Amino acid sequence: MFGYVKTNRPELLVKEDAAYKSVYCALCRTLGKEYGILSRFTLNYECTFLALLILVAKRQESLSFEKKRCCCNPLKKCVCCKNCDDALSYAAGVSEILTYWKIQDNIEDQRFLRRFFSKIAALISRRKHKKAAAKYPQAEEAVAEMMRRQKETETSEEFLIDRCADPTAQMLRKVLSIPFEGDENRILEELGYHLGRWIYFIDAADDLEDDLKRGNFNPFIKEFGLTGEMYEEKRREICERCNEVLNFSIPPILGALSLLSNHSFYPILDNILGKGLPEMQRKILFSKEEGKAEP
Amino acid sequence: MNDPYKILGVERSATDAQIKDAYRELAKKYHPDNYSGSPIADLAGEKMKEINEAYDTIMKERKEGTSGPNAYQSAYQSAGAYQSAGAYQSSGSYQKAASDFNDVRRFITQNRIADAEQILNGVPPEKRSAEWYFLKGSVLYRRGWLEEAYRNFSTASSMDPTNMEYRAAMNQATNNRSGNYGYGGYGGYNPNMNRAAGGCNACDVCSSLMCADCCCECMGGDLIRCC
């Protein structure tokens with residue numbers, strides 16, 4: 001469920017791209033500082049987005065930048081964003097919590113060698129997770145609840161695609177809105193809910209063919225009543241229907257976003273949500289097919 | 001009060017036309033249609049009000065100061081198209097006279113979704129009218145259960161195809177799903193509209209070079225020595 005909320009780089013201004021990178025690098029440093037060097041591997045686009053979103057919603061403007069040596073590539077110097085510790089700590093904590101739970105989930109789903117690796121990862125992430133959970137108990141509670149509810153919805157008797165997406169959506173709704181009160185809280189609840197829903201569905205769309213082969217649970221398989229092999233015509237039709245479901249989430253996301261504004265990072269968020277998400281839909285649903293169509 | 005120029009995001013030295021453009025842009029962004037059925041529609045309404053006030057203040061200032069009254073009048077009147085927001089609100093706030101579900105409509109406007117849903121669920125299946133399906137859809141939409149909401153809207157508009165309210169909800173949902181969301185020209189992905197038209201990837205570059213090389217070779221020359 002990581003790696004879907006990205007910028008659409010060709011559409012980004014150079015200065016915006018630099019600002020985005022500076023937050024990305026600063027988040028990586030924060031992870032290293034607070035949770036140890038291995039946790040830098042949990043760095044992801046979603047949590048960078050979270051850090052940016054918090055900065056924008058808090059209207060935290062007086063940011064400064066500094067050059068620091070990159071830990072992964074000591075020859076390179078990176079520009080890091082300074083004086084935004086609260087937002088970065090929160091994003092780093094959420095990253096640890098999400099990673100821990102994802103590993104736990106993998107252990108249940110995987111087999112043999114992969115499962116063994118996941119178990120090792122679980123050992124490493126346990127202590128970091130404990131620390132993050134103690135620091136941000138509400139976020140921990142939100143993610144833990146999602147995990148509890150997810151299994152229930154998949155096995156529930158009356159299948160509704162909205163119900164399947166609800167746990168993830170509720171989780172992100174809480175995670176995004178915890179640091180806020182009043183109007184901002186309401187705006188981020190709305191944004192979080194629909195973004196969580198979108199993430200759940202894009203993840204399901206991405207796994208669709210694998211799940212179909214292996215016979216795993218997938219909301220789209222159940223919704224469209226798919227079985228076995230899919231032919232080209234059918235595939236295209238299914239992709240278009242998945243795309244409609246995903247498109248439907250975008251207007252509420254953008255509507256909520258535009259109620260937060262007047263910040264120098266705002267255009268980056270606008271790029272991620274307004275152009276990055278549709279681009280991701282194109283990549284996942286329609287570009288695999290393009291690759292195949294060419295002889 | 002905040003600086004009206006800041007609210008519209010323009011410089012103090014901006015011309016009347018620039019201010020009008022900025023105002024239109026913002027009015028399009030916060031237009032109530034973009035927030036119909038959303039639980040944060042009230043916040044968008046406040047923003048719209050703020051923008052309208054800022055625009056009025058600036059235009060009033062300019063009218064009293066330098067520019068003549070005519071310049072103000074015409075700019076305001078044409079931009080005033082967006083003021084129809086008020087007209088929308090009367091339909092959006094569900095205050096129609098002939099309704100079987102006045103309580104439900106009131107709860108929905110007050111954001112009391114659980115109460116509205118309770119009443120709706122109390123209606124036995126054989127008594128569910130088109131309006132019931134429409135309101136059920138509205139409740140689900142607010143809760144974020146968009147697919148179910150869409151199903152209910154389409155049931156409502158097929159049961160009563162002449163009703164404008166249901167049809168508007170249905171049209172908007174269909175538009176959003178096909179990736180044609182109102183503002184800014186983006187809002188979802190439309191697979192039937194090729195956005196990457198005119199694009200050129202690494203493969204295209206290589207194959208073009210190979211073609212060029214072949215052409216040159218036909219004519220006795222050579223573009224790429226090694227092949």
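## Reading a two-chain predicted model

Tutor: Taken along its sequence, chain B runs α-α-α-α-α-α-α-α-α-α-α, with eleven helices and zero strands, where helices (H or I, at least four residues) and strands (E, at least two) are DSSP runs numbered from the N terminus. This is a predicted model, in which local features need pLDDT of at least 70, side-chain atom pairs count only at pLDDT 80 or more, and totals for chains, interfaces and linings use all residues. Residues are numbered from 1 along each chain as its sequence is written, chains are lettered from A and ligands numbered from 1 in the order in which they are written, and side-chain values use heavy atoms, with hydrogens and water left out.

Student: How many of the residues of chain B count as buried, as a percentage?

Tutor: Buried means under 20% relative accessible area, exposed means over 50%, and partly exposed lies in between (1.4 Å probe, protein chains only). Of the 227 residues of chain B, 39% are buried by that criterion. The accessible surface of the chain is about 12700 Å², and 53% of that surface belongs to carbon and sulfur atoms; such areas come from the Shrake-Rupley method with a 1.4 Å probe, and for residues only the protein chains shown count as cover.

Student: What do the contacts in chain B say about separation in sequence?

Tutor: A contact means heavy atoms within 4.5 Å. Among contacts in chain B between residues at least 6 apart in sequence, 49% join residues at least 24 apart.

Student: Which residues does B:Arg177 touch?

Tutor: B:Arg177 lies in helix α10 (residues 164-177) of chain B. Leaving aside residues up to four places away in sequence, B:Arg177 touches A:Asn243, A:Glu244, A:Asn247, A:Phe248, B:Glu147 and B:Tyr150. With a relative accessible area of 6%, B:Arg177 is classed as buried.

Student: Is B:Tyr189 buried or exposed?

Tutor: B:Tyr189 sits in the loop between α10 and α11 (202-218) of chain B, and it counts as buried because its relative accessible area is 6%. Measured in sequence terms alone, B:Tyr189 and B:Asn176 are 13 residues apart, while their C-alpha atoms are 9.9 Å apart in space.

Student: How should I read the phi angle of B:Asn111?

Tutor: Most residues other than glycine have a negative phi. B:Asn111, which is not glycine, has a positive phi, near 65°. B:Asn111 belongs to the loop between α6 (102-109) and α7 (113-121) of chain B, and its relative accessibility of 34% makes it partly exposed.

Student: How are salt bridges recognised, and how many does the structure hold?

Tutor: Side chains of opposite charge can pair when their charged atoms come close. The criterion is a side-chain nitrogen of Lys or Arg within 4 Å of a carboxyl oxygen of Asp or Glu, and over all chains the structure holds 30 salt bridges. In one of them, the closest N and O atoms of A:Lys151 and A:Asp105 are 3.7 Å apart. That pair links distant parts of the chain, 46 residues apart, with A:Lys151 in helix α5 (residues 137-155) and A:Asp105 in helix α3 (residues 85-109) of chain A. A:Lys151 is partly exposed at 41% relative accessible area, and A:Asp105 is also partly exposed, at 24%. A network of salt bridges links A:Asp105, A:Glu108 and A:Lys151.

Student: Are A:Arg197 and A:Asp162, which also meet in a salt bridge, buried or exposed?

Tutor: The side chains of A:Arg197 and A:Asp162 meet at 2.7 Å, N to O. A:Arg197 in helix α7 and A:Asp162 in helix α6 (residues 161-177) of chain A are 35 residues apart, so this pair too links distant parts of the chain. A:Arg197 is buried at 0% relative accessibility, and A:Asp162 is buried at 0% as well.

Student: Which residues gather in the patch of negative charge?

Tutor: Patches are made of residues with over 30% relative accessible area and no salt bridge, like charges being joined within 9 Å and nonpolar side chains (Val, Leu, Ile, Met, Phe, Trp, Tyr) within 5 Å. Lys and Arg count as positive and Asp and Glu as negative, with His and the chain ends not counted; the place of a charge is taken as NZ of Lys, CZ of Arg, CG of Asp or CD of Glu. Here the negative patch on the surface gathers A:Asp183, B:Glu46, B:Glu50 and B:Glu53. Helix α3 (residues 41-64) of chain B gives the most to this patch, with three residues, while A:Asp183 lies in helix α7 (residues 182-214) of chain A and is partly exposed at 39%.
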